[in-house]
Amino acid sequence: MSDIAQWSPQVVQNVIALLKHKPGALLPILHGIQDSVGYVPPDSVPMIADALHQTRAEIHGVITFYHHFRMTPPGSNVVEVCRAEACQARGARALEAHVKDKLAIDYHMTTLDREFSLEPVYCLGNCACGPTIRVGDEIIGRVTPAKFDALVDELTTQVLEVRS
Ligand code: FES
């Protein structure tokens, strides 16, 4: 999350200017915006539509079709749980259920305190050490429910320390 910029029209315009001439520019632009500011702000939709000569409804339709894109800011920590086969063979399903229960949210949701967002992911290249999750940029293997709980406590404590 440290590389995430504050949303501003200029940030979005920079991404659009960089990518709008690529073939099939819409998806790269949406990825670029979300990578830059953490989400696709609703106010960026008319800017994208104008640049690509498409309607706002078309842009909105693509954003909502792909679960990957979010239109609200993510939580402070984005937790991604690997749902691919190798991790499933190592207990990812049970871990996934625990993670949802612990955070009290489903995939594509953010906790009420905005500390955690939860997303599925399909292989993080850490198959031999599954079940695997990624929190921000950190890939963590052999995650048990207890290990996940400790991680949540640690991240929550860090947030409290920063705020106090
Ligand atoms: S299957 Fe989970 S990291 Fe590859």
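Helices and strands are named here as DSSP runs, numbered from the N terminus, with at least four residues for a helix and at least two for a strand. The model on screen is predicted.

**Whole chain**

Start with the whole chain in cartoon view. Its secondary structure amounts to 7 helices and 5 strands. From one end of the sequence to the other, the pattern reads α-α-α-α-β-α-α-β-β-β-β-α. Along the principal axes, the C-alpha atoms occupy a box of roughly 50 × 40 × 25 Å.

Next, colour residues 9-65 as domain 1 and residues 77-163 as domain 2. The centres of domain 1 and domain 2, taken over C-alpha atoms, are 28 Å apart.

**Domain 1: two helix pairs**

Select residues 9-19, helix H1, and residues 26-37, helix H2. Their axes come within 9 Å and cross at roughly 145°, and the crossing of H1 and H2 is right-handed. Now show side chains at the contact. On the H1 side, pick Val-11, Val-12, Val-15, Ile-16 and Leu-19. They meet Pro-28, Ile-29, Gly-32, Ile-33, Ser-36 and Val-37 in H2. By class, the contact of H1 with H2 has 9 nonpolar and 2 polar residues, and no charged ones.

Move on to residues 44-52, helix H3, and residues 56-65, helix H4. Here the packing angle is about 115° and the axes are 8 Å apart. The crossing of H3 and H4 is right-handed. Which residues of H3 meet H4? Select Val-45, Pro-46, Ile-48 and Ala-49 in H3; they meet Arg-56, Ile-59 and His-60 in H4. The residues of this contact of H3 with H4 divide into 5 nonpolar, 1 polar and 1 charged.

**Domain 2: the sheet**

Hide domain 1 and turn to the strands. The sheet is open and has 5 strands in the order E2-E3-E1-E4-E5, with mixed pairing. Its edge strands are E2 and E5 (138-140), each of which pairs on one side only. Helix H6, residues 92-103, packs on the sheet and touches E1 and E3. The direction of H6 makes about 155° with that of E1.

Now go through the pairings.

- E1 with E3: select residues 77-82 and 116-121, which pair in the parallel sense over 6 bridges. Val-79 has Leu-118 in E3 as its bridge partner, and Glu-80 stands opposite Glu-119 in E3.
- E1 with E4: these strands run antiparallel and are joined by 3 bridges. Glu-80 stands opposite Arg-134 in E4.
- E2 with E3: select residues 109-110 for E2, which runs antiparallel to E3 and is joined to it by 2 bridges. Met-109 stands opposite Leu-118 in E3, and Thr-110 stands opposite Ser-117 in E3.

Glu-80 is worth keeping selected while comparing the pairings: it stands opposite Glu-119 in E3 and opposite Arg-134 in E4. Leu-118 in E3 likewise appears twice, as the bridge partner of Val-79 and opposite Met-109.

**Turns and loops of domain 2**

Stay with E2 and E3, which form a hairpin with 5 residues between them. Select Arg-114 in the turn; its phi is positive, about 65°.

Step back to Ala-104, in the loop between H6 and E2. Ala-104 is not a glycine, although its phi is positive at about 60°.

Then select Gly-130 and Pro-131. What kind of peptide bond joins Gly-130 and Pro-131? The bond is cis, with omega about -5°. Pro-131 is found in the loop between E3 and E4.

**The annotated cysteines**

For the last stop, select Cys-82, Cys-87, Cys-123 and Cys-127. An unreviewed UniProt entry places the feature "binding site" at these four positions. Why can they be viewed at one spot, given that they span 46 residues in sequence? No two of their C-alpha atoms are more than 9.2 Å apart, so they gather there. Cys-123 lies in the loop between E3 and E4 (133-135), and Pro-131 is found in the loop between E3 and E4 too.

Conventions:
Residues are numbered from 1 along each chain as its sequence is written. This is a predicted model: local features need pLDDT of at least 70, side-chain atom pairs count only at pLDDT 80 or more; totals for chains, interfaces and linings use all residues. Domain bounds come from an automatic or database domain assignment. Axes are lines fitted to C-alpha atoms, for helices over the stretch in contact, and angles run from 0 to 180 degrees between N-to-C directions. A crossing is left-handed if the near helix is turned anticlockwise from the far one by less than a right angle, and right-handed if clockwise. Two residues are in contact if their C-beta atoms, placed from the backbone, lie within 7 Å. Ala, Val, Leu, Ile, Met, Phe, Trp, Tyr, Cys and Pro count as nonpolar, Asp, Glu, Lys and Arg as charged, and the others, Gly among them, as polar. Two strands pair if DSSP finds at least two bridges between them. UniProt positions are given in the numbering used here, feature names are shortened, and annotations may be inferred rather than shown by experiment.
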